[in-house]
Amino acid sequence: MEKEIKIYNYGLSELKTYLFVSLFVAGNVLLPQVCHIIPDGGKIFLPIYFFTLLASYKYGFKVGLLTAVISPIVNSLIFGMPTTAILPAILIKSIVLAIAASLVSSKTQKASIISLLIVIMIYQVVGTIAEWVMTSSFYVAIQDFRLGIPGMMLQLFGTYFILIISKDK
């Protein structure tokens, strides 16, 4: 199940970079608010990462990295979530996600379940290790694996679906 897709890599001097970052950050601000209607919805659906994955995979490292850094900070400043205590862990996971997604997509030039699964596992494993080091609690560090499997599945299949239906010029 793979499909060739057009991968973009916008530079920091291009207006499109900032337009896409604005759209993806807006998505990463709105989706968590919807998910937080459900008790523990943020922990279950991991919404802060969805548009970062899409941005990085389709539009490259710069769009992805800006989305990865700005989204959690904006959410924390406006809504207090993520809390400042866990913001560093969220930022690490987001940044690793942006790096992994942009690298995998630039190498494969394809949307595939396997490629997206690799990206998700990379950011989750690296992020779990970082969070474990930061908190000294393995139980806290594996929260995404204890509660967030539905969110990872949403990232996997939702991003794949969006990538394969997207129309490129």
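**Group meeting: a walk through a predicted model**

Hi everyone, let's start with helix α4, residues 87-108. This helix has 22 residues and reaches 31 Å from its first C-alpha to its last, close to the 32 Å expected at 1.5 Å a residue. Please keep in mind that this is a predicted model. Just after α4 comes Gln-109, with a positive phi of about 55°.

Now, on the other side of α4 in the sequence, have a look at the loop between α3 (50-79) and α4, where Pro-82 is found. Which residue is joined to Pro-82 by a cis peptide bond? That would be Met-81, and omega is about 5°. There is another backbone spot to check, in the loop between α2 and α3: Leu-46 is placed there. Leu-46 is not a glycine, yet its phi is positive, near 45°. For context, most residues other than glycine have a negative phi, and most peptide bonds are trans.

On to the pockets. The largest pocket has a volume of about 500 Å³. Its lining is made of 22 residues, and the closest to the centre are Gly-42, Lys-43, Ile-86, Ile-90 and Gln-143. Which elements give two or more residues to this lining? They are α2 (41-45), α4 and α7 (143-147), so to speak our friend α4 again. Sorted by class, the lining of the largest pocket has 11 nonpolar residues, six polar ones and five charged ones.

Let's turn to the surface. There is a nonpolar patch of about 750 Å², made by Leu-117, Met-121, Val-125, Ile-129, Val-133, Phe-145, Ile-149, Met-153 and Phe-157. Two elements, α5 (113-135) and α8 (149-165), give two or more residues to the patch. Which of the elements gives the largest share? It is α5, with five residues. Leu-117, for one, lies in helix α5.

Finally, charges. How many salt bridges does a search of the whole structure find? The count is four. In one of them, the side chains of Lys-110 and Glu-2 meet, at 3.2 Å from N to O. This pair links distant parts of the chain: Lys-110 is in strand β2 (residues 110-112) and Glu-2 is in strand β1 (residues 2-4), 108 residues apart. In general, side chains of opposite charge can pair when their charged atoms come close.

That's my tour, and thanks for listening!

Terms used. Residues numbered from 1 in each chain as written. Predicted model: local features only at pLDDT ≥ 70, side-chain atom pairs only at ≥ 80, totals over all residues. Heavy atoms only, no water. Helix = DSSP H or I, 4+ residues; strand = E, 2+ residues; numbered from the N terminus. Expected span 1.5 Å × (residues − 1). 1 Å grid on protein atoms, 1.4 Å probe; cavity = no way out; pocket = protein on both sides within 12 Å on 5 of 7 lines; lining within 4 Å. Points joined across faces, edges and corners; volume = space filled by probe spheres on them. Nonpolar A, V, L, I, M, F, W, Y, C, P; charged D, E, K, R; others polar. Patch = residues over 30% accessible without salt bridge, like charges linked within 9 Å, V, L, I, M, F, W, Y side chains within 5 Å. Areas by Shrake-Rupley, 256 points an atom, 1.4 Å probe, with all protein chains shown as cover.
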